[in-house]
Amino acid sequence: MRVNTLNNRTHWRAKAGRPDSESGVTILEMVIAMLVLTVGLLGLAASIGYAVTVSNMGRNLTNTKLLVVSLLEQMETLRNTEELTFGQIANEGSVDNSAAIRAFGGFPSGFQPISINPGPDGIWGTSDDLINPGADNTYGTSDDFTDPTWGLNGFSREIVITSLNPNLKRIQVTVRYPDAGGQMRSLVGVSYLNNDTRSNFR
Ligand SMILES: [Ca+2]
């Protein structure tokens with residue numbers, strides 16, 4: 001009797017596991033499966049697009065931060081190396097050239113293009129930044145020309161230098177930049193410059 005029961009059970013299991021002619025995937029099941037897969041893939045595609053947008057946004061912001069900080073640091077370097085006197089680190093119209101070896105025009109007010117080169121004066125942020133030395137690669141010759149292609153596309157920069165007292169200046173640099181969506185944004189950096197190079201070079 002016992003042997004029979006076992007045999008019966010084995011037979012039943014084998015039958016259940018065997019595919020019969022009616023089994024398989026119906027079209028409806030397949031359509032639902034493809035629908036689920038499509039929704040999943042669409043979600044994935046959307047998230048990739050979003051990731052690229054955020055990444056571009058981050059890159060522009062990082063570049064802009066570097067543009068702001070490098071200009072603020074240039075002011076400190078100009079003072080420390082005495083390439084400009086403290087009185088010369090000023091906007092156009094407020095420059096004090098009295099104690100200087102060579103005259104300096106100052107940094108133009110308002111938003112200006114950001115050049116990839118500092119121009120003949122070697123100082124970034126002045127009105128000669130877009131001057132290309134031409135084929136001879138020498139500034140001050142007749143083939144010099146203003147090269148708008150040196151300006152960073154979509155970027156502009158404003159430098160505002162305020163004299164707080166005879167020995168302290170506030171320097172504000174604003175860079176306008178396009179974000180990933182093409183919208184203009186701006187980043188402002190402020191530093192304070194004192195009239196003292198001794199701690200660095202003397
Ligand atoms: Ca320049």
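This passage describes a long helix, a set of paired strands and a calcium site in a predicted model.

Helix α2 covers residues 27-80 and has 54 residues. From its first C-alpha to its last, α2 reaches 78 Å. That span is close to the 80 Å expected at 1.5 Å a residue. The buried residues of α2 are Asn-60, Thr-64, Leu-67, Val-68, Leu-71, Leu-72, Gln-74, Met-75, Leu-78, Arg-79 and Asn-80. In a helix of this kind there are 3.6 residues a turn, so residues three or four places apart point the same way. Just after α2, Glu-82 takes a positive phi of about 60 degrees.

Strand β5 spans residues 168-178 and is mostly covered. Eight of its eleven residues are buried. On one side of the pairing stands strand β4, residues 151-165, which runs antiparallel to β5 and is joined to it by nine bridges. Within this pair, Arg-157 has Val-175 of β5 as its bridge partner. β4 and β5 form a hairpin, with two residues between the strands.

Strand β5 also pairs with strand β6, residues 184-194. This pairing is antiparallel too and extends over eleven bridges. Here Tyr-177 is bridged to Arg-185 in β6. β5 and β6 form a hairpin with five residues between them. In that turn, Gly-182 has a positive phi of about 85 degrees. In a regular strand, side chains alternate between the two faces of the sheet.

Helix α2 meets the end of β5 and the residues that follow through Asn-60 and Met-57. Asn-60 lies in α2. Leaving aside neighbours within four places in sequence, Asn-60 is in contact with Tyr-177, Pro-178, Asp-179 and Ala-180. Its relative accessible area is 14%, so Asn-60 counts as buried, the cut-off being under 20%. Met-57 is also found in α2. Beyond residues up to four places away in sequence, Met-57 touches Asp-179 and Ala-180. Met-57 and Asp-179 are 122 residues apart in sequence, yet their C-alpha atoms are 5.5 Å apart in space. Met-57 is partly exposed because its relative accessible area is 35%.

Asn-195 sits in the loop between β6 and α3, the latter being residues 198-201. With residues up to four places away set aside, Asn-195 touches Phe-86, Pro-166 and Asn-167. Asn-195 and Arg-79 are 116 residues apart in sequence. Their C-alpha atoms are 7.9 Å apart in space. Arg-79 is among the buried residues of α2. Asn-195, in contrast, has 41% relative accessibility and therefore counts as partly exposed.

The model also holds a calcium ion. Its protein donors are Pro-118 (O), Asp-121 (OD), Ile-123 (O), Thr-126 (OG1), Asp-128 (OD) and Asp-129 (OD). These donors lie 2.2 to 2.3 Å from the ion. The angles among the six donor atoms run from 79 to 174 degrees, and the site is octahedral. Along the chain, the donors follow the spacing P-x2-D-x1-I-x2-T-x1-D-D. Pro-118 counts as buried because its relative accessibility is 19%. Thr-126 is buried as well, with a relative accessible area of 8%.

Technical notes
Residues are numbered from 1 along each chain as its sequence is written. This is a predicted model: local features need pLDDT of at least 70, side-chain atom pairs count only at pLDDT 80 or more; totals for chains, interfaces and linings use all residues. Side-chain values use heavy atoms; hydrogens and water are left out. Buried means under 20% relative accessible area, exposed over 50%, partly exposed in between (1.4 Å probe, protein chains only). Helices (H or I, at least four residues) and strands (E, at least two) are DSSP runs, numbered from the N terminus. Two strands pair if DSSP finds at least two bridges between them. Donors are N, O and S atoms within 2.8 Å of the metal (3.2 Å for Na, K and Ca); water is not among the atoms, so sites may look incomplete. Four donors count as tetrahedral if all angles lie between 85 and 135 degrees; four count as square planar and six as octahedral if opposite donors are over 155 degrees apart and all others between 65 and 115; anything else is irregular. The expected span of a helix is 1.5 Å times one less than its number of residues. Contact means heavy atoms within 4.5 Å.
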